[in-house]
Amino acid sequence: MSDILTGVLIPVEEYRPSVAIRVSLDRLPLLWEDVGGPAERVVLLQPAGTLYVNAWGMRFGLSVNRRATLLASAANPVWRGGTIVGDAVLVGAVQHGVDTCVDPAYSRVLLAATGRFGIEFRAPSGEPGEALPPVAWSDPFAAYGEGLRLARGYPLRAVCVRALD
């Protein structure tokens, strides 16, 4: 197990792309440099992961991070309706009490400069999901948004975005 994790920084400014970062395990509880304050966890169920956000963000009036909010809402149906403010850092799921590197299912989508992206619905437990019509989006966050609109008919399903290219 490495003491350095790979993650994805999702900036609040939508003109800034998501970028890969390396984070030390002992820095995760605070992440002052990356999220601007002490970190709070948002658990993602499908694919599994942890989104670290600024625990003081609402108190200090930080801007809404629309992309991180879409991601958290899509990956955790129970969390839908929440709002993430400020920058966010995505890492992998906790295994044996320790955070892991970001799931490739996320990094392939969030770090892609271009491509086509599709959606599918999955149960948070990970069982096979429902295939959706062959529709593609050029932006993964547009796919998350449309998937969440369609997910209103499937309230307990996670919306997963995957690269089609």
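Helices and strands are named here as DSSP runs, with helices of at least four residues and strands of at least two, numbered from the N terminus. With that naming in hand, a short tour of this predicted model can begin.

A good place to start is His96, which sits in the loop between β6 (94–95) and β7 (98–99). The phi angle of His96 is near 55°, a positive value in a residue other than glycine. Most residues other than glycine have a negative phi. His96 is also exposed, because its relative accessible area of 83% is over the 50% cut-off for that class.

A second backbone feature worth a visit is found at Pro47, in the loop between β3 (39–45) and β4. Here the peptide bond that joins Gln46 and Pro47 is cis, with an omega of about -15°. By way of background, most peptide bonds are trans.

Following the chain onward, β4 spans residues 48–54, and the loop between β4 and α2 (66–75) holds Phe60. With a relative accessible area of 54%, Phe60 is exposed. Phe60 also takes part in a nonpolar surface patch, which is made together with Trp56 and Leu62 and covers about 290 Å².

The helix α2 leads to the next point of interest, its packing with helix α4 (residues 140–150). How do the axes of α2 and α4 cross, and within what distance do they come? The two axes come within 9 Å and cross at roughly 50°. That angle makes α2 oblique to α4, since it falls outside the ranges that count as roughly parallel, roughly perpendicular or roughly antiparallel. The crossing of α2 and α4 is left-handed.

Beyond α2, Thr83 is placed in the loop between α2 and β5 (88–91). Is Thr83 buried, partly exposed or exposed? Its relative accessibility is 38%, so Thr83 counts as partly exposed. Thr83 and Thr69 are 14 residues apart in sequence, and their C-alpha atoms lie 5.6 Å apart in space.

A final pairing brings in a residue from strand β2 (residues 19–24), namely Val19. Val19 is partly exposed, with a relative accessible area of 33%. Along the chain, 88 residues separate Val19 from Ser107, while the distance between their C-alpha atoms is 9.2 Å.

Technical notes: Residues numbered from 1 in each chain as written. Predicted model: local features only at pLDDT ≥ 70, side-chain atom pairs only at ≥ 80, totals over all residues. Heavy atoms only, no water. Patch = residues over 30% accessible without salt bridge, like charges linked within 9 Å, V, L, I, M, F, W, Y side chains within 5 Å. Areas by Shrake-Rupley, 256 points an atom, 1.4 Å probe, with all protein chains shown as cover. Salt bridge = Lys/Arg side-chain N within 4 Å of Asp/Glu carboxyl O. Buried < 20%, exposed > 50% of the residue type's maximum accessible area, 1.4 Å probe, protein only. Axes fitted to C-alpha atoms, helices over the stretch in contact; angles between N-to-C directions. Parallel < 35°, antiparallel > 145°, perpendicular 65-115°, else oblique. Left-handed = near helix turned anticlockwise from the far one by under 90°.
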